[in-house]
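Biologist: Got a minute to go through this model with me? I'd like a quick tour before I head back to the bench.

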Amino acid sequence: EDSGEGRWTVEEAIRHAVVDGWKGDVVIIAGKGHEDYQQFADRRISFDDRKVARAALAERQNLNMQTEE
């Protein structure tokens, strides 16, 4: 699953790193940090990598709980 251009968006990359990682892996999300937007030449969009990471962690936890049942 990707953005359709053969490469992942930042959101997709964070999700794949967290959800598909192996037990014991460390995922480092370096970059924007406290900023909750992405600035482009012609526009600014809302984006918070912390929210994306939290959602991915919740997804991973749900998947782990399903496999343990």
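Biologist: So what share of the residues in the protein chain is buried?

Modeller: Of the 69 residues in the chain, 20% are buried. Keep in mind that this is a predicted model.

Biologist: Noted. Which helices and strands are there, and in what pattern along the sequence?

Modeller: The chain has two helices and two strands. Going along the sequence, they come in the pattern α-β-β-α.

Biologist: And which residues make up the largest nonpolar core?

Modeller: Seven residues: Ile14, Val18, Val19, Phe47, Val52, Ala53 and Ala56. Helix H1 (10-19) and helix H2 (49-68) each put at least two residues into this core.

Biologist: Is there some general background to that kind of grouping? What do nonpolar side chains tend to do in soluble globular proteins?

Modeller: They tend to be buried together.

Biologist: I'm curious about Phe47. What is Phe47 in contact with, leaving aside its neighbours within four places in sequence?

Modeller: Phe47 is in contact with Val10, Glu11, Ile14, Glu35, Asp36, Tyr37, Gln38 and Val52. Of those, Ile14 and Val52 are also members of the largest nonpolar core.

Biologist: Switching to charges. How many salt bridges turn up in the whole structure?

Modeller: Three. One of them pairs Glu59 with Arg15, with the closest N and O atoms 2.6 Å apart.

Biologist: Where do Glu59 and Arg15 lie?

Modeller: Glu59 is in helix H2 and Arg15 is in helix H1, so the pair ties together parts that are 44 residues apart in sequence.

Biologist: Are those two buried, partly exposed or exposed?

Modeller: Glu59 is partly exposed, at 26% relative accessibility. Arg15 is partly exposed too, with 23%.

Biologist: Which side chains meet in the other salt bridges?

Modeller: Asp42 meets Arg43, at 3.1 Å from N to O. Asp48 meets Arg50, at 2.9 Å from N to O.

Biologist: For Asp42 and Arg43, how exposed are the partners?

Modeller: Asp42 is exposed, at 62% relative accessibility, while Arg43 is partly exposed, at 43%.

Biologist: And Asp48 with Arg50, buried or exposed?

Modeller: A mix. Asp48 is buried, with a relative accessible area of 11%, whereas Arg50 is partly exposed, at 36%.

Biologist: OK, back to helix H1. What about Glu12, which lies there? Where is its nearest side chain of opposite charge?

Modeller: That side chain is Arg15, 8.4 Å away. Glu12 is buried yet has no salt bridge.

Biologist: What lies 2.7 Å from a polar atom of the Glu12 side chain, then?

Modeller: The backbone nitrogen of Thr9.

Biologist: His16 is in helix H1 as well. Buried or exposed?

Modeller: His16 is buried, at 13% relative accessibility. Its side chain makes a polar contact of 2.9 Å with the side chain of Asp20.

Biologist: Last topic, the whole chain again. How much area does the protein chain expose?

Modeller: About 5700 Å², and carbon and sulfur atoms supply 51% of that.

Biologist: And among contacts between residues at least 6 apart in sequence, what share joins residues at least 24 apart?

Modeller: That share is 42%. The Glu59 and Arg15 salt bridge is a good pair to look at here, since it links helix H2 with helix H1 across 44 residues of sequence.

Definitions and conventions. Residues numbered from 1 in each chain as written. Predicted model: local features only at pLDDT ≥ 70, side-chain atom pairs only at ≥ 80, totals over all residues. Heavy atoms only, no water. Core = buried A, V, L, I, M, F, W, Y, C linked by side-chain atoms within 4.5 Å. Buried < 20%, exposed > 50% of the residue type's maximum accessible area, 1.4 Å probe, protein only. Helix = DSSP H or I, 4+ residues; strand = E, 2+ residues; numbered from the N terminus. Contact = heavy atoms within 4.5 Å. Salt bridge = Lys/Arg side-chain N within 4 Å of Asp/Glu carboxyl O. Polar contact = N/O pair within 3.5 Å; in protein donor to acceptor, adjacent residues only side chain to side chain. Lys, Arg positive; Asp, Glu negative; His and termini not counted. Areas by Shrake-Rupley, 256 points an atom, 1.4 Å probe, with all protein chains shown as cover.
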